[in-house]
Amino acid sequence: MAGSGDFSLLSGYWLAMFFIFGLRTKVDRSGVVQQVCRHCGNQAAQVITRRSTKFTLFFIPLIPIRTRYAQQCTFCGAEYEIAKSDVERLPVG
């Protein structure tokens, strides 16, 4: 039996608590826009994506940690980050 001040044992068994936590990043495609690529200089479709990283507890996303936006050229494959204000100004279709 457990002692009066000992909370680690209960009826001869160890009490164990565990938490499953981590980070999950979800990638959403926001749209496509026709622009000149900064990397290759060709007029091509640019795919706009949003990456949202959240803290998860027991596989449930709870707290947003970071949101980033990226633009990827469909011609050369170059990808670079862009600001949220730039995404809001783009004529995404």
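**Notes on a predicted chain: patches and salt bridges**

1. Let us start with an aromatic side chain. Phe-58 is partly exposed, its relative accessible area being 38%. This residue sits in the loop that joins S4 to strand S5 (60–73). Please keep in mind throughout that the model is predicted.

2. Which residues does Phe-58 touch, leaving aside those up to four places away in sequence? The partners are Phe-18, Phe-19 and Ile-20. For Ile-20 there is also a backbone distance to quote: its C-alpha atom and that of Phe-58 are separated by 5.0 Å, although the two residues are 38 positions apart along the chain.

3. Ile-20 itself belongs to a loop, the one between strand S2 (13–14) and strand S3 (21–36). With a relative accessible area of 32%, Ile-20 is partly exposed. Ile-20 and Phe-58 both contribute to a nonpolar surface patch of about 860 Å², together with Met-17, Phe-18, Phe-19, Phe-21 and Phe-59. Ile-20 can count towards this patch because its 32% is over the 30% that membership requires; the 38% of Phe-58 passes that cut-off too.

4. Now for the overall layout, in case you want it beside the viewer. The chain has 6 strands and 1 helix, and from the N terminus the order reads β-β-β-β-β-β-α. Of its 93 residues, 23% count as buried. Among contacts with a separation of 6 or more, 45% are between residues 24 or more positions apart. The accessible surface comes to about 7,100 Å², and carbon and sulfur atoms hold 58% of that.

5. On to charges. How many salt bridges does a search of the whole structure find? There are 3. One of them pairs Arg-51 with Glu-79, with 3.1 Å between the closest N and O atoms. This pair ties together distant parts of the chain, since Arg-51 is in strand S4 and Glu-79 is in strand S6 (residues 79–82), 28 residues apart. Both partners are partly exposed: Arg-51 has a relative accessible area of 29%, and Glu-79 has 40%.

6. Strand S6 also takes part in the salt bridge between Arg-68 and Glu-81. Here the closest N and O atoms are 3.3 Å apart. Arg-68 lies in strand S5 and Glu-81 in strand S6, so the link again spans distant parts of the chain, with the two positions 13 residues apart. Arg-68 is partly exposed, at a relative accessible area of 37%.

7. The salt bridge of Asp-86 and Arg-89 has its closest N and O atoms 2.2 Å apart. Both residues lie in helix H1 (residues 84–89), where 3 residues, about one turn of the helix, set them apart. Is each partner exposed or partly exposed? Asp-86 is partly exposed, with a relative accessible area of 27%, whereas Arg-89 is exposed, at 65%.

8. Finally, there is a positive surface patch, formed by Lys-26, Arg-50, Lys-54 and Lys-84. Arg-50 has its place in strand S4 (residues 43–57). Why can Arg-50 be counted in such a patch? Arg-50 is partly exposed with a relative accessible area of 31%, so it clears the cut-off of over 30% that patch residues must meet.

Methods: Residues are numbered from 1 along each chain as its sequence is written. This is a predicted model: local features need pLDDT of at least 70, side-chain atom pairs count only at pLDDT 80 or more; totals for chains, interfaces and linings use all residues. Side-chain values use heavy atoms; hydrogens and water are left out. Patches are made of residues with over 30% relative accessible area and no salt bridge: like charges are joined within 9 Å, nonpolar side chains (Val, Leu, Ile, Met, Phe, Trp, Tyr) within 5 Å. Accessible areas come from the Shrake-Rupley method with a 1.4 Å probe; for residues, only the protein chains shown count as cover. A salt bridge is a side-chain nitrogen of Lys or Arg within 4 Å of a carboxyl oxygen of Asp or Glu. Lys and Arg count as positive and Asp and Glu as negative; His and the chain ends are not counted. The place of a charge is taken as NZ of Lys, CZ of Arg, CG of Asp or CD of Glu. Helices (H or I, at least four residues) and strands (E, at least two) are DSSP runs, numbered from the N terminus. Buried means under 20% relative accessible area, exposed over 50%, partly exposed in between (1.4 Å probe, protein chains only). Contact means heavy atoms within 4.5 Å.
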